[in-house]
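Reader: I should like to work through this structure by question and answer, beginning with its charged side chains. Please show the sequence and the model before we start.

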Amino acid sequence: MRILIVEDDAGIASGLAATLRGAGYAVDICDSLARAGTALRTESFDMVLLDLGLPDGDGIDWLRSLRQEGRMLPVLIMTARDALTDRVTGLDEGADDYLVKPFAPEELLARMRVALRRSEGRASPLLVHGDLVVNPAAHTVHRNGTLVPLRAKEFALLLALLRASGKVLTRQRLEEALYGFDDALESNALEVHIHHLRRKLGSELLQTVRGVGYFVPRPDNDATPQKATP
């Protein structure tokens, strides 16, 4: 999953990015609201971590505009503003959560998982697909009760496909979910990860639509994919 950090303090931003990458997320950083707006218009993200005091404006105003445009991706505010009125305003303007600095990395990751589950309409912390059980918090995958070790990018790729079960995800969409702006990306990297997942989980789980992308069939055995997600 790909996360956009909107934070003008370089030290805080780099620390957050390291934490998220260590948890398997692809991460991009913008130090202004203008750059964040451009990033959202040109790239696909699964969540925004938003500071409020940015050099070119207030994060609350930016969030309000984001929601008015109909953009519903999860937004988690992270700020030093700890007044009750600030917290209420942030939530009322469309934030999915509000975290006051300083905070523990573990709490941030837990709140992110909750917000992502909520955006997907899931109550359970587990992703269950037939005999496959995925725990995003523990980064574990079990098939038929047996633990299947996956590398970080393999796990992230599996999550992206499972969360869009039944829908074709294009190569571009999957690469955006796995890699940030500055990440090195070899031309065949995605195919290598797909190959490893098929070897570990079975070739029937990951289906190819030639010239379009990949999908995981819905667990009701309907192997007809929906329209590709660009």
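Reader: By about how much of the helix are Glu-107 and Arg-111 separated in helix 5?

Author: In this predicted model, the side chains of Glu-107 and Arg-111 meet in a salt bridge, with 2.9 Å from N to O. An α-helix has 3.6 residues a turn, so residues three or four places apart point the same way. Because Glu-107 and Arg-111 are 4 residues apart in helix 5, their separation is about one helical turn.

Reader: Is Glu-107 buried, exposed or partly exposed?

Author: A residue counts as buried under 20% relative accessible area and as exposed over 50%. Its salt-bridge partner Arg-111, at 27%, is partly exposed. Glu-107 has a relative accessibility of 33%, and therefore Glu-107 counts as partly exposed.

Reader: Which residues are joined into one network by salt bridges that share partners?

Author: The structure holds 18 salt bridges. One of them is formed by Asp-28 and Arg-2, whose closest N and O atoms are 2.7 Å apart. That pair links distant parts of the chain, with Asp-28 in strand 2 and Arg-2 in strand 1 (residues 2–6), 26 residues apart. Through shared partners, the network consists of Arg-2, Asp-28 and Glu-43.

Reader: What relative accessible area does Arg-2 have?

Author: The cut-off for a buried residue is a relative accessible area under 20%. Asp-28, the partner of Arg-2 in a salt bridge, is buried at 3%. Arg-2 is buried as well, and its relative accessible area is 2%.

Reader: How many residues apart are Glu-7 and Lys-101?

Author: Glu-7 and Lys-101 form a salt bridge in which the closest N and O atoms are 2.7 Å apart. Glu-7 is in the loop between strand 1 and helix 1 (10–22), and Lys-101 is in the loop between strand 7 (97–100) and helix 5 (105–119). The pair thus links distant parts of the chain, and the separation in residues is 94.

Reader: Is Glu-7 buried or exposed?

Author: To count as buried, a residue must have under 20% relative accessible area. The value for Glu-7 is 2%, so Glu-7 is buried.

Reader: What area is buried between domain 1 and domain 2?

Author: The domain assignment gives domain 1 as 2–120 and domain 2 as 127–215. Their C-alpha centres lie 25 Å apart, and 13 residues of domain 1 are in contact with 13 residues of domain 2. Carbon and sulfur atoms give 49% of the area buried between the two domains, which is about 1100 Å².

Reader: Which residues form the salt bridge with closest N and O atoms 3.3 Å apart?

Author: Across the interface of domain 1 and domain 2 there is 1 salt bridge. Asp-46 falls within domain 1 (2–120) and Arg-173 within domain 2 (127–215). The salt bridge with a 3.3 Å closest N and O distance is the one between Asp-46 and Arg-173.

Reader: Which strand gives the largest share of the side of domain 1 that touches domain 2?

Author: Across this interface, 3 residue pairs are in polar contact. On the domain 1 side, the largest share comes to 3 residues, and its source is strand 2 (residues 26–30).

Reader: How many residues of that side of domain 1 are charged?

Author: The residues of the side of domain 1 that touches domain 2 include 5 nonpolar and 2 polar ones. The number of charged residues there is 6.

Reader: How many of the 8 residues of helix 7 are buried?

Author: Helix 7 comprises residues 171–178 and is mostly covered. Its buried residues are Arg-173, Leu-174, Glu-175, Glu-176, Ala-177 and Leu-178. The number buried is 6.

Reader: Which residue of helix 7 does His-193 touch?

Author: His-193 lies in helix 8 (residues 189–201) and is buried, with a relative accessible area of 14%. Beyond four places in sequence, His-193 touches Lys-153, Glu-154, Leu-157, Leu-178 and Tyr-179. Among these contacts, the one listed with the buried residues of helix 7 is Leu-178.

Reader: Which backbone oxygen does the side chain of Thr-42 reach?

Author: Thr-42 is in helix 2 (residues 33–42) and is exposed, with a relative accessible area of 52%. At 2.9 Å, its side chain reaches the backbone oxygen of Thr-38.

Terms used:
Residues numbered from 1 in each chain as written. Predicted model: local features only at pLDDT ≥ 70, side-chain atom pairs only at ≥ 80, totals over all residues. Heavy atoms only, no water. Domains from an automatic or database assignment. Contact = heavy atoms within 4.5 Å. Buried area = accessible area lost by both parts, 1.4 Å probe. Salt bridge = Lys/Arg side-chain N within 4 Å of Asp/Glu carboxyl O. Polar contact = N/O pair within 3.5 Å; in protein donor to acceptor, adjacent residues only side chain to side chain. Helix = DSSP H or I, 4+ residues; strand = E, 2+ residues; numbered from the N terminus. Nonpolar A, V, L, I, M, F, W, Y, C, P; charged D, E, K, R; others polar. Buried < 20%, exposed > 50% of the residue type's maximum accessible area, 1.4 Å probe, protein only.
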